[in-house]
Amino acid sequence: MSCCRHCEGVEDVFSRELAHNDLDDYRRKGASRQTHMLLAALHRAGVEGRNLLDVGGGVGAIQHELFAAGLNAATQVDASSAYLAASQEEAARRGHAERVTYIHGNFVDVADTLDSADYVTLDRVICCYPDMPALVSRSAARARHLYALVYPRDRWWSRLGIHLLNLNFWLRRNPFRVFVHPSAQVDAIAAQAGLKLHSRQFAGLWQVVIYARAG
Ligand SMILES: C[S@@+](CC[C@H](N)C(=O)[O-])C[C@H]1O[C@@H](n2cnc3c(N)ncnc32)[C@H](O)[C@@H]1O
């Protein structure tokens with residue numbers, strides 16, 4: 001699948017209706033368990049005065065939580081215009097929209113135009129993208145301190161579940177696909193970008209992996 005087809009699929013799957021429902025869920029229940037695990041690592045490292053690059057941030061849970069803890073600025077790059085709008089709506093409601101730069105597009109296409117950030121996060125994003133090496137290498141290169149990922153565990157049962165999910169997309173003639181990328185490959189690409197594995201935790205289907213810039 002070309003990346004252009006990927007973005008069409010993203011706009012279709014991460015629609016206005018889903019964005020509206022996700023924002024409603026976030027307002028009622030807060031961030032998900034795996035996002036809380038990611039946030040805990042950033043809180044431990046210190047948030048005050050830091051900046052964030054949130055790739056595929058969805059309704060913006062990571063940035064909304066970190067602004068409450070003293071984050072200075074954030075950039076969100078998202079391939080879904082509906083999710084970007086939902087994130088902006090929530091930021092305006094919380095009073096920090098002017099400190100966020102919103103970029104609509106495929107991160108891999110716009111990465112070269114972006115500055116590095118203290119923290120770079122991809123929460124349930126690399127599983128949406130076919131060319132994992134391009135997505136991980138370009139985003140990891142932009143992390144000055146921590147690089148934080150949430151993505152599916154590399155197990156037979158996660159592959160089976162995601163295979164069934166993809167069958168459903170195929171039956172609906174939707175080009176969007178979900179991927180279980182091998183953890184060892186993700187680790188190797190992060191290492192090539194100068195990042196050291198700091199922690200790996202599990203929450204059901206998900207693994208929450210934090211890398212720190214060496215030195
Ligand atoms: C499963 S949602 C996760 C949203 C949020 N991070 C969360 O955990 O709730 C995947 C998000 O990644 C975005 N996305 C997928 N591929 C992308 C890409 N190549 N560049 C930028 N955003 C992308 C989608 O638009 C969507 O907002």
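Q: Is the crossing of helix 2 and helix 5 left-handed or right-handed?
A: Right-handed. Keep in mind that this is a predicted model.

Q: At what angle do helix 2 and helix 5 pack?
A: About 30°. Their axes are 8 Å apart. Helix 2 covers residues 16-29, and helix 5 covers residues 81-94.

Q: Which residues make the contact?
A: From helix 2, Arg16, Ala19, His20 and Leu23. From helix 5, Ala82, Tyr83, Ala86 and Glu90.

Q: And how do the residues of that contact divide into nonpolar, polar and charged?
A: Five are nonpolar, one is polar and two are charged.

Q: OK, switching to the sheet. What is the order of its strands?
A: The order is 3-2-1-4-5-7-6. That makes an open sheet of seven strands, with mixed pairing.

Q: Which ones are the edge strands?
A: Strand 3, residues 100-104, and strand 6, residues 195-203. Each of them pairs on one side only.

Q: By how much are neighbouring strands turned against each other?
A: By 15° on average, with direction ignored.

Q: Which helix packs on the sheet, touching strand 4?
A: Helix 3, residues 33-45. Besides strand 4 (117-123), helix 3 touches strand 5 (143-152), strand 6 and strand 7. The direction of helix 3 makes about 165° with that of strand 5.

Q: Let's stay with strand 7. In what sense does it pair with strand 6, parallel or antiparallel?
A: Antiparallel, over eight bridges. Strand 7 spans residues 206-213.

Q: Which residues face each other there?
A: Leu195 stands opposite Arg213 of strand 7. Ala203 has Trp206 as its bridge partner.

Q: How many residues lie between strand 6 and strand 7 in the hairpin?
A: Two. Gly204 sits in the turn and has a positive phi of about 60°.

Q: What about strand 5 and strand 7, how many bridges do they pair over?
A: Seven, again in the antiparallel sense. Here Pro152 stands opposite Trp206. So Trp206 of strand 7 is matched with Pro152 and also with Ala203.

Q: What holds paired strands together in general?
A: Strands of a sheet pair through backbone hydrogen bonds, parallel or antiparallel.

Q: Last one. How many of the residues in strand 7 are buried?
A: Six of its eight, which leaves strand 7 mostly covered.

Methods:
Residues numbered from 1 in each chain as written. Predicted model: local features only at pLDDT ≥ 70, side-chain atom pairs only at ≥ 80, totals over all residues. Pairing = 2+ DSSP bridges. Helix = DSSP H or I, 4+ residues; strand = E, 2+ residues; numbered from the N terminus. Axes fitted to C-alpha atoms, helices over the stretch in contact; angles between N-to-C directions. Contact = placed C-beta atoms within 7 Å. Left-handed = near helix turned anticlockwise from the far one by under 90°. Nonpolar A, V, L, I, M, F, W, Y, C, P; charged D, E, K, R; others polar. Buried ≥ 20, exposed ≤ 12 C-beta atoms within 10 Å, placed from the backbone.
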